[in-house]
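Visitor: I am new to this structure and would enjoy a close look at a single part of it. Could you pick one helix and walk me through it, then show me what lies around it?

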Amino acid sequence: MIKRSFFTLTKPRLEYDLVEPDPKEPKQIPIPSNLTLLLNEPIDSTRQALIKKGDAVEKGEKLRLYNQSTEYTISPVTGTIDAIDAYSDDFGNTSTYLVIKNDQSQASQKEPITYDLKDDIASADEYFRTLPGAPPLKILASDDVKINTIVITCADMDLLSTTSQYITLKFLDDIKEGAKILKKITHVPKLCIIIPEGLNIQGGFDSIQVFKTSMEYPSNLPAMILKDHLSMILPAGKTPEDVGVSFISAEAVVSLANAYKTKSAGFEKILTVIGKQGTQYRVKATIGTPLHKILNAFSVHINEQDRIVIGGPMKGFATYTRHHPVQPDMDTVMIQDRDIIPELSDNPCVNCGKCIRICPVNVPVNVLVRYLEADQYEEAADRYDLESCIECGLCAYTCTARIPLYQYIRLGKHELFKLRALETAND
Ligand code: SF4
Ligand code: SF4
């Protein structure tokens with residue numbers, strides 16, 4: 001729910017949506033004939049690949065590009081590899097996509113491969129990184145990162161989404177079971193759980209500390225949870241993992257519980273879909289399903305210049321293709337009609353100060369954006385707190401001149417990261 005203030009000098013109050021008390025089952029989207037999986041590693045044509053077009057794959061089979069690859073994906077179906085090609089994200093980072101042609105004669109009856117699973121984090125990381133909810137197993141298994149607190153989030157990060165709350169209401173026992181498994185395999189001393197204050201659930205989390213978050217945006221963002229509940233201020237340019245805290249979604253914890261029960265991977269992702277009129281739907285779709293299959297199921301038609309946004313209204317990003325696949329960490333998909341897309345402009349800042357008043361971490365956004373517009377990323381970081389930004393998007397939401405502040409900030413951070421990596425490489 002978005003409530004704008006009538007008074008220009010007060011902050012608009014944005015509230016998270018609360019899941020309905022007795023939610024219906026999500027609509028099941030049939031497994032499509034082709035699924036697209038993303039692999040976080042670019043193709044290297046000088047190396048001999050382990051997989052190629054035409055190879056048969058089994059449901060649950062682990063797929064890697066090269067012998068030395070540490071990145072992998074898991075096939076959600078039995079079938080054949082129909083394509084392997086380069087994929088470029090909105091910042092120009094390249095990775096790889098695989099198209100798996102689903103052998104529909106086998107898909108429905110075939111059980112996934114079972115794994116030789118041990119009760120340790122290395123074993124979980126070997127098979128379960130791409131479970132629905134994308135558990136942060138790579139970080140938890142890393143020798144370079146010392147995690148001493150795991151935060152299970154049953155609260156949705158962006159507005160309009162209710163995916164995490166739905167999962168919490170429906171699968172609370174699995175969350176408790178998954179939390180026990182997490183504790184056993186990671187040996188992390190402290191586990192906490194974040195519950196939205198409006199969500200009515202039964203407690204009984206044993207040694208897990210329960211925190212209730214406010215319904216006001218952006219209280220569910222990791223930096224805010226660290227500050228409000230763990231009394232930690234996230235230093236500029238650092239991630240929660242840098243300060244020893246790992247966040248994991250309720251869905252990822254449920255997926256882990258199921259994966260340990262069956263010794264196999266699950267592939268069904270729950271998503272909140274927000275139609276053009278703001279109507280909310282809940283779906284269950286196999287990872288790799290193209291988004292247009294979901295939209296068709298609800299007769300949502302995409303016209304030219306309509307926008308498909310992955311994520312919610314504050315933190316989401318637009319994708320240019322209806323074929324974009326469902327990903328393990330994708331909680332929300334939003335369709336914006338071309339007639340209601342908020343207009344952005346290249347108007348100059350009018351120094352109204354709204355962005356500064358609303359910023360939860362006091363970034364001087366109006367000055368910062370001038371440096372970002374001029375591609376002065378180092379100055380933006382050193383003098384105007386670029387890296388203190390927690391990426392809530394409130395400044396862009398409130399900007400009088402409709403400057404795409406959030407996009408400038410995300411791009412600025414990305415360019416700064418590249419600059420610093422280059423400097424390190426040249427040292
Ligand atoms: S997105 Fe804008 S309002 Fe939010 S923390 Fe960053 S600078 Fe502040
Ligand atoms: S950047 Fe936008 S919100 Fe901030 S002072 Fe300028 S016009 Fe106002």
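**A close look at helix 4**

Guide: Let us begin with helix 4, which is largely enclosed by the rest of the structure, because six of its eight residues are buried. Please keep in mind that this is a predicted model. The buried residues of helix 4 are T163, S164, Q165, Y166, I167 and T168.

Take S164 as a way in. This serine sits in helix 4, and it counts as buried because it has 28 C-beta neighbours inside 10 Å, where 20 or more are needed for that label. Leaving aside residues up to four places away in sequence, S164 touches T153, C154, A155, D156, S249, A250, E251 and D331. K180 makes a useful landmark for distance: S164 and K180 are 16 residues apart in sequence and 19 Å apart in space, C-alpha to C-alpha.

Two of the residues that S164 touches, A250 and E251, lead us to a neighbouring helix. Helix 4 covers residues 163-170 and helix 7 covers residues 250-262, and the two pack with their axes 8 Å apart at an angle of about 40 degrees. Helix 4 and helix 7 are therefore oblique to each other. On the helix 4 side, S164, I167 and T168 take part in the meeting, while helix 7 brings A250, E251 and V254. Sorted by class, this contact has three nonpolar residues, two polar ones and one charged one. Here is a general point that helps when looking at helices: an α-helix has 3.6 residues a turn, so residues three or four places apart point the same way.

If you follow the chain onward from helix 7, you come to K263, in the loop between helix 7 and strand 14. K263 has a positive phi of about 55 degrees although it is not a glycine. This lysine is partly exposed, with 14 other C-beta atoms within 10 Å. Continue past strand 14 (268-274) and you reach Q277, in the loop between that strand and strand 15 (280-286). Q277 is exposed, since only 9 other C-beta atoms lie within 10 Å, and 12 or fewer earn that label. Q277 and I152 are 125 residues apart in sequence, and their C-alpha atoms are 32 Å apart in space.

Now let us step back to the whole chain. It contains 13 helices and 18 strands. Its radius of gyration is 22 Å, close to the 22 Å that the globule rule gives for 427 residues, so the chain is as compact as a globular protein of that length. Along its principal axes, the C-alpha trace spans about 60 × 55 × 50 Å. Buried residues make up 40% of the 427 residues. Among contacts between residues at least 6 apart in sequence, 67% join residues at least 24 apart.

Another backbone detail is worth a stop. The peptide bond from Y217 to P218 is cis, with omega near 10 degrees. You will find P218 in the loop between strand 12 (209-213) and helix 6 (222-230).

Finally, have a look at the ligands. Ligand 2 is surrounded by 15 residues, and the closest are C349, C352, C355, N366 and C399. Helix 9 (354-358) and helix 10 (365-373) each supply at least two residues of this shell, and helix 10 gives the most, with three. The shell around ligand 2 divides into nine nonpolar, five polar and one charged residues.

Around ligand 1 there are 16 residues, the closest being C359, V363, C389, C392 and C395. Helix 12 (394-398) and helix 13 (405-426) each supply at least two residues of the shell around ligand 1, and helix 13 gives the most, with three. By class, that shell has 14 nonpolar, one polar and one charged residues.

Between helix 12 and helix 13 runs a loop that holds R402. R402 has a positive phi of about 60 degrees although it is not a glycine. With 13 C-beta neighbours inside 10 Å, R402 counts as partly exposed.

Definitions and conventions: Residues numbered from 1 in each chain as written. Chains lettered and ligands numbered in written order. Predicted model: local features only at pLDDT ≥ 70, side-chain atom pairs only at ≥ 80, totals over all residues. Near = placed C-beta within 6 Å. Helix = DSSP H or I, 4+ residues; strand = E, 2+ residues; numbered from the N terminus. Nonpolar A, V, L, I, M, F, W, Y, C, P; charged D, E, K, R; others polar. Rg over C-alpha atoms; globule rule 2.2 N^0.38 Å. Contact = placed C-beta atoms within 7 Å. Axes fitted to C-alpha atoms, helices over the stretch in contact; angles between N-to-C directions. Parallel < 35°, antiparallel > 145°, perpendicular 65-115°, else oblique.
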